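Trainee: Hi, could you walk me through this one? I'd like to get a feel for it before lunch.
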Amino acid sequence: MTDAVAPRFHTGDRVIVRAAYPIGHVRTPHYVRGKRGVIERLCGAFPNPEELAYARQGLPAQPLYRVRFLQRDLWSDYDGSNVDVVEVEIYQHWLEAEEHTQ
Amino acid sequence: MSHDLDHGHVHSPPRPDQDDSLTYFRTMEMAVRELLIDKGIITAVEVRRQVEDMDGRNAGRGAQMVVRGWLDPAYQQRMLVDGTKAAEEIGLDVGSLKLVVVENTATVHNVIVCTLCSCYPRMLLGLPPDWYKSRNYRSRVVREPRAVLAEFGTVIPEGTLIRVHDSTADMRYLVAPMRPQGTEHWSEADLRTLVTRDSMIGVALADSP
């Protein structure tokens, strides 16, 4: 796809999902908003579903990533292994680089 | 003609003539479909054929990929790198599906869900089961996967990592279950019978011989 935003993240990068709550057709599940995760892979670039839902072109296409979250970071009462994970597809405009903390 | 209502047994109440409900979206689908047919854009036969094709797809297609991977480690690797290409390589038409295949191992168990709706690799598994679309499964398997899997009779050892895949956007997922022990000399066709739909969603293991 020629009309696509350039990817900003690479496999292994630490990211935070935006804690935003816009109305409309959004494919970022609530349970990962504001959560920290790691880029598992870049899936390619796809027209933005938030635009497609309203019969617009969704261009430029947004890079789409699979982001890996530790279950224990999502649910404080998670009952299972400390290394269990959930992987969720998230479009780039929902992701920010995690700030380095000292 | 008389009819004796008191004749020694009880009749159940008559079933209503209307045996389903006309929802807003069903009405809209019918209106759009009829318009498309009236305008000559599609025909009723094409619609019927599509429904027939959808109903005709089954998990045997996914099982072909899984078993090919069991028999050919190089194919398994290609499948994990690019599921769509690997499906096409063995002659499976997956349409516009972008397929990610995830592999169960001795230390990792994968399970698939779509928490937002009911995304599912229909081209490889057919229509999803009702429970896959239920709010119960969708809300719980991301939050307590071990409990949900146990309800399917699948108990994952504590030391095995569980990786839940939430199919929220453009990818579709297929779990490649582990090959059961005791199947070393089995034919490709026999092996396929062990790879059930549920084992490729990840709520079960492949059947054991």
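**A helix under cover**

Mentor: Happy to, and keep in mind that this is a predicted model. Let's begin with α3(B): the cover over its buried residues includes α4 (73–81), α5 (83–89), α6 (122–125), β4 (171–176), α10 (188–192) and α11 (197–201) of chain B.

Trainee: How many of the twelve residues of α3(B) are buried, then?

Mentor: Nine of the twelve are buried, so to speak of the helix as mostly covered is fair. They are B:Arg61, B:Gly62, B:Ala63, B:Met65, B:Val66, B:Val67, B:Arg68, B:Gly69 and B:Trp70.

Trainee: What span should the helix have, and what are its end C-alpha atoms apart?

Mentor: At 1.5 Å a residue, the twelve residues of α3(B), 60–71, should span 16 Å, and the end C-alpha atoms are 16 Å apart, which agrees.

Trainee: What about α1(B), is that buried or in the open?

Mentor: Largely in the open, because the number of buried residues among its 15 is zero. Helix α1 covers residues 24–38 of chain B and reaches 21 Å from its first C-alpha to its last, close to the 21 Å expected. Just after α1(B) comes B:Gly40, with a positive phi of about 75 degrees.

Trainee: Okay, zooming out. How many helices and strands does chain B have?

Mentor: Chain B has eleven helices and four strands. Its radius of gyration is 22 Å, well over the 17 Å that the globule rule gives for 209 residues, so chain B is more spread out than a compact globule. The C-alpha trace spans about 75 × 55 × 35 Å along its principal axes.

Trainee: Which domains is chain B divided into?

Mentor: There are domain 1 (24–55) and domain 2 (58–201). The C-alpha centres of domain 1 and domain 2 of chain B lie 31 Å apart.

Trainee: And what share of chain B is buried?

Mentor: Buried residues make up 31% of its 209 residues. As for contacts in chain B with a separation of 6 or more, 68% of them are between residues 24 or more positions apart.

Trainee: Switching chains. What does chain A look like?

Mentor: Chain A has two helices and five strands, and from the N terminus on its elements run β-β-α-β-α-β-β. Its C-alpha trace spans about 40 × 25 × 25 Å along the principal axes. Of the 102 residues in chain A, 29% are buried.

Trainee: How many residues does each chain bring to the contact?

Mentor: Chain A brings 19 residues and chain B brings 18. On the chain A side, β2 (36–46) and β4 (85–91) each supply at least two residues. The element that gives the most there is β4(A), with six residues. By type, the chain A side divides into twelve nonpolar, two polar and five charged residues.

Trainee: Which strand of chain B does β4(A) pair with?

Mentor: With β3(B), residues 161–166, in the parallel sense over four bridges. For instance, A:Val85 has B:Arg163 as its bridge partner in β3(B), and A:Glu87 has B:His165.

Trainee: And which strand within chain B is joined to β3(B)?

Mentor: That is β2(B), residues 108–113, which runs parallel to β3(B) with six bridges joining them. B:Asn110 stands opposite B:Arg163 in β3(B), and B:Arg163 is also the bridge partner of A:Val85.

Trainee: Is β3(B) enclosed or open, then?

Mentor: Largely enclosed by the rest of the structure, because five of its six residues are buried.

Trainee: Is there a general rule for side chains in a strand, and where do they go?

Mentor: In a regular strand they alternate between the two faces of the sheet.

Trainee: Last one, I had my eye on B:Arg138. Where is its place?

Mentor: B:Arg138 sits in helix α8 of chain B, residues 135–140. B:Arg138 is partly exposed, with 18 other C-beta atoms within 10 Å, and 20 or more would be needed to count as buried.

Trainee: Which residues does B:Arg138 touch?

Mentor: Leaving aside residues up to four places away in sequence, B:Arg138 touches B:Val113, B:Cys114 and B:Thr115. The C-alpha atoms of B:Arg138 and B:Arg57 are separated by 23 Å, and those two residues are 81 residues apart along the chain.

Key. Residues numbered from 1 in each chain as written. Chains lettered and ligands numbered in written order. Predicted model: local features only at pLDDT ≥ 70, side-chain atom pairs only at ≥ 80, totals over all residues. Rg over C-alpha atoms; globule rule 2.2 N^0.38 Å. Contact = placed C-beta atoms within 7 Å. Nonpolar A, V, L, I, M, F, W, Y, C, P; charged D, E, K, R; others polar. Pairing = 2+ DSSP bridges. Expected span 1.5 Å × (residues − 1). Domains from an automatic or database assignment.
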